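Colleague: Could you take me through this model? I should like to begin with the overall fold and then turn to individual residues.
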Amino acid sequence: MSETVSLARLVVLISGSGSNLQALLDACQDGRLPARVAAVVSNRRDAYGLVRAQQASVPTLYFPLKPYSDQGLPRETYDRDLAALISCFQPDLIVCAGWMQVLTPIFITPFADCLINLHPALPGQFPGTHAIERAFAAYQAGEIEVSGAMVHGVVPEVDAGPVLDFVVVPFDPRDQFHDFAKRLHAHEHTLLVRAVQRWLATRPQRRDFYS
Ligand code: GRF
């Protein structure tokens with residue numbers, strides 16, 4: 001008789017290409033992650049990650065902010081509805097993997113212990129958009145010698161919060177921006193899978209996880 005293994009349910013939030021989503025899908029598929037992606041949510045219709053999800057037979061949801069802002073509704077109304085929709089998928093863990101939209105406390109609070117974000121810079125560095133570009137510019141200005149990426153618990157402050165895992169990515173003097181960005185993205189894919197593995201492995205004690 002085969003043993004039933006309970007797979008954690010991931011909901012992945014994306015806004016773009018979804019290469020990090022793909023890393024999670026692959027890791028679920030080949031057993032590196034004892035999980036399955038229960039749904040992928042995008043705030044952008046043309047996000048290629050939606051195609052990746054469909055190719056993996058994962059349910060998708062396109063949920064844009066614009067109809068709310070067009071009606072003059074506050075961000076909190078969108079975030080409340082987003083939280084309600086995501087709850088329907090009964091996530092064990094929500095992963096922001098290239099989700100390019102600030103989350104407000106009305107979303108964060110109910111998921112505080114099961115909501116993580118990938119940021120393409122080291123802890124405390126370059127919060128917000130274009131982090132890789134800004135890190136590269138800082139390197140060129142002689143201000144930093146390494147950058148990296150981190151996965152952290154989500155708090156209202158953008159790209160801050162308790163660090164779950166990170167990777168240091170050194171600059172190479174031969175790097176053009178695209179060389180560095182490509183290398184950084186490859187590290188992100190490994191980091192994100194490792195961070196989710198870690199999160200799942202420590203799930204029973206996760207309230208004490210972040211130190
Ligand atoms: C990643 O670099 C992520 O860290 C950043 O946006 C990018 C998303 O890439 N926030 P992808 O959509 O996973 O390919």
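The conversation below goes from the whole chain to single residues.

Modeller: Please keep in mind that this is a predicted model.

Colleague: Understood. How many helices and strands does the chain have?

Modeller: The secondary structure comprises seven helices and seven strands. Along the sequence, their order is β-α-β-α-β-α-α-β-α-β-α-β-β-α.

Colleague: What about the radius of gyration?

Modeller: The chain has a radius of gyration of 17 Å. A compact globule of 211 residues would have a value near 17 Å, so the chain agrees with that expectation. Along the principal axes, the C-alpha atoms fill a box of roughly 55 × 55 × 35 Å.

Colleague: What share of the residues is buried?

Modeller: Buried residues account for 48% of the 211 residues in the chain. The exposed area of the chain is about 10700 Å², and carbon and sulfur atoms supply 53% of that area.

Colleague: And the contacts: what percentage join residues at least 24 apart?

Modeller: That applies to 64% of the contacts between residues at least 6 apart in sequence.

Colleague: Changing topic, how many positive and negative side chains are there?

Modeller: There are 18 positive and 21 negative side chains. The centres of these two sets are 5 Å apart.

Colleague: Let us move to single residues. Where does S17 sit?

Modeller: S17 is in the loop between β1 (8–14) and α1 (19–29). Its relative accessible area is 42%, so S17 is partly exposed.

Colleague: Which residues does S17 touch, leaving aside those up to four places away in sequence?

Modeller: With those set aside, S17 touches Y48, G49 and R52. S17 and G98 are 81 residues apart along the chain, and their C-alpha atoms are separated by 8.3 Å.

Colleague: Which residues does L61 touch, with the same exclusion of residues up to four places away?

Modeller: L61, which is part of strand β3, touches V40, V41, S42, L50 and L85 under that exclusion. L61 and R45 lie 16 residues apart in sequence, and the C-alpha to C-alpha distance between them is 9.3 Å.

Colleague: I should also like to discuss backbone angles. What is the phi of S57?

Modeller: S57 has a positive phi of about 60 degrees, although S57 is not a glycine. Most residues other than glycine have a negative phi. S57 belongs to the loop between α2 (48–55) and β3 (60–62).

Colleague: Is S57 buried or exposed?

Modeller: S57 counts as exposed, because its relative accessibility is 67% and the exposed class begins over 50%.

Colleague: And what is the phi of F126?

Modeller: Phi of F126 is near 50 degrees, again a positive value in a residue other than glycine. F126 lies in the loop between β5 (115–119) and α6.

Colleague: Is F126 buried or exposed?

Modeller: F126 is buried, because its relative accessible area is 18% and the buried class covers values under 20%.

Colleague: Turning to the end of the last helix, where does T202 lie?

Modeller: T202 lies in the segment after α7 (177–201). T202 counts as buried at 17% relative accessibility. The T202 side chain reaches the backbone oxygen of W199 at 3.3 Å.

Colleague: What about S6, towards the other end: where is that residue, and is S6 buried or exposed?

Modeller: S6 is in the segment before β1. With a relative accessible area of 62%, S6 is exposed. The C-alpha atoms of S6 and A135 are separated by 40 Å, and these residues are 129 residues apart along the chain.

Colleague: One last residue: where is E143 found?

Modeller: E143 is found in the loop between α6 (131–140) and β6 (146–153). E143 is exposed, with a relative accessible area of 59%. Between the C-alpha atoms of E143 and H130, 13 residues apart along the chain, the separation is 17 Å.

Methods: Residues are numbered from 1 along each chain as its sequence is written. This is a predicted model: local features need pLDDT of at least 70, side-chain atom pairs count only at pLDDT 80 or more; totals for chains, interfaces and linings use all residues. Side-chain values use heavy atoms; hydrogens and water are left out. Helices (H or I, at least four residues) and strands (E, at least two) are DSSP runs, numbered from the N terminus. The radius of gyration is taken over C-alpha atoms; the globule rule is 2.2 Å times the number of residues to the power 0.38. Buried means under 20% relative accessible area, exposed over 50%, partly exposed in between (1.4 Å probe, protein chains only). Contact means heavy atoms within 4.5 Å. Accessible areas come from the Shrake-Rupley method with a 1.4 Å probe; for residues, only the protein chains shown count as cover. Lys and Arg count as positive and Asp and Glu as negative; His and the chain ends are not counted. The place of a charge is taken as NZ of Lys, CZ of Arg, CG of Asp or CD of Glu. A polar contact is a pair of N or O atoms within 3.5 Å; within protein, one must be able to donate a hydrogen and the other to accept it, and residues adjacent in sequence count only if both atoms are side-chain atoms.
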